[in-house]
Amino acid sequence: MTYFWLALAALVVAFLAVILIRTLRFRPKAAAPATASEAVVDEQKAIDDLAAMIRCKTVSYYEDERIDKAEFAKFRALLKTLYPTVFERCTYEEIGPSGVLFSLKGKSAEKPAVFMSHYDVVPVNEEQWSKPAFDGIVEDGVLWGRGTLDTKGTLLGTMEAAEQLLKGGFVPENDMYFAFAGDEEVAGKSQPIIVETLRARGVTPAIVVDEGGAVVEGIFPGVSEPCALVGIAEKGLMDAQFVIEGAGGHASAPPPHTGIGRLSRAVTRIEGKPFPRVLTKPVAEMFDTLGRRSSFVYRMIFANLWCFLPVLDGICKKSGGELNAMMRTTCAFTMAEGSKASNVLPPRARMVANLRVISGSTCEETLSALKGRLDDDGIQASIIHGTDPSKISETTGYGWEKLTAAIAETWPDTLISPYLMFAASDSRHYCAISDDVYRFSAMALSKEDRAGIHGNDERIATDKIVKTVQFYLRLMRSL
Ligand SMILES: [Zn+2]
């Protein structure tokens, strides 16, 4: 008996030793400190230009007749007046419903770069704003307006940097493309058509940069330093519906379960069995990068995922939220409808769920997994619309190195990590022609800033605009 206890004690000690040693060895990887190259920006021009862009009311709607096309034309005309050298040196084309494509010849066509952005914005609730959303007001070092963050700011960064470099006689080593859409917010056709155009011309981008992550704080457990998050993939997006067609009838003599009751049972079954955990490359690499910088307890967890992943997953499943969304397909029931009157049995009951599909899976696969959870043959489950998850981009090689070098130069002392985006962006179309698609909005954004994206009081501090331009200057010069 004593031997048994001794052996058990030895096992426990060995286990703890392994956990501890792995934790202590889980240190940040050494990175050479970046020496920032000079990047002089005409600050006033950059601020004035962005303010002028904000004054174009390029609001996207799903209903075509609500779109003020003149404002979109005004924006494109504005580009011509603000960036004459870019227009002079690049081939300019208007492609698809509202796409614009600038092509700049470099010394080689071998490693082309694409800088993406969109110049449409989502609508505003003006009465909930502290300042007008489309006046381009600058006050106390802050520029107010819809689109400052999403994402005329990055479009401005691209164009200011290009204008300045080209004015100085810059010829890039490789071809460059600036591809902007005016219908990103309504999942329009402009960028897909631009991608088809580039593909037909044999362009295989060695790097694509679009909006996405940013320089943010307080997003990873136990890490207080700012982190530059680069989206290397995005989850799929789908709406699914569950329908029961029934006989209807008066509610005074009902069956044991109405259509609503049966759908509710299905919802409970689906929520009760979350999708399985998948540790995808972007998330595994994020844990490996940021986990090393975390506080001791979290470092212990992330250094020993071989033993703690199920525990971490258990917590995620219970709490939901972002960490959970990084690790599995999520399903949120968002809409329900039954009969039109309280005393009428629903002849047709319907519930709708919004799902975010994890990398490696598909919408079809997700639907059949949902069907497997229903346990009710009377429920018709179908996809209303869906987009499969994007491909996962490389985190080594030319594109990644150039991008992270420009980030390190512009935001020194910032951790750089890949991550998985939950939102869908136009960049996913570029995965068809490139292995190196990166989603990074070159801005340092506080939690308060981020609340303005698609929300109220969207605005940006003017010193952040300057940093955005500096980032693009450094990246373009290096490509
Ligand atoms: Zn956007």
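In this predicted model, 42% of the 479 residues of the chain count as buried. The chain folds up with 15 helices and 15 strands. Its radius of gyration comes out at 26 Å, close to the 23 Å that the globule rule gives for 479 residues, so the chain is as compact as a globular protein of that length. Laid along its principal axes, the C-alpha trace spans about 75 × 75 × 50 Å. Contacts reach a long way along the sequence: taking those between residues at least 6 apart, 82% join residues at least 24 apart.

Now for the interior. The largest nonpolar core counts 94 residues, and Leu50, Val230 and Leu403 have the most contacts inside it. Both domain 1 (43-233 + 390-478) and domain 2 (235-387) supply at least three residues to this core. A second core, separate from that one, has 18 residues, with Ile270, Val357, Cys363 and Ile379 among them. Back in the largest core, Leu403 is one of the residues with the most contacts. Leaving aside residues up to four places away in sequence, Leu403 touches Ile207, Val209, Val230, Tyr438, Phe440 and Leu475.

As for sheets, one open sheet is built from 3 strands in the order E4-E5-E15, and the pairing is antiparallel. Strand E4 (138-139) and strand E15 (459-461) sit at the edges, each pairing on one side only. Strand E5 (residues 142-144) pairs with E15 in the antiparallel sense over 3 bridges. Within that pairing, Leu143 stands opposite Ile460 in E15.

How values were computed: Residues are numbered from 1 along each chain as its sequence is written. This is a predicted model: local features need pLDDT of at least 70, side-chain atom pairs count only at pLDDT 80 or more; totals for chains, interfaces and linings use all residues. Helices (H or I, at least four residues) and strands (E, at least two) are DSSP runs, numbered from the N terminus. The radius of gyration is taken over C-alpha atoms; the globule rule is 2.2 Å times the number of residues to the power 0.38. A residue is buried if 20 or more other C-beta atoms lie within 10 Å of its own, exposed if 12 or fewer, and partly exposed in between; C-beta atoms are placed from the backbone. Two residues are in contact if their C-beta atoms, placed from the backbone, lie within 7 Å. A nonpolar core is a set of buried Ala, Val, Leu, Ile, Met, Phe, Trp, Tyr and Cys residues joined through C-beta atoms within 7 Å. Domain bounds come from an automatic or database domain assignment. Two strands pair if DSSP finds at least two bridges between them.
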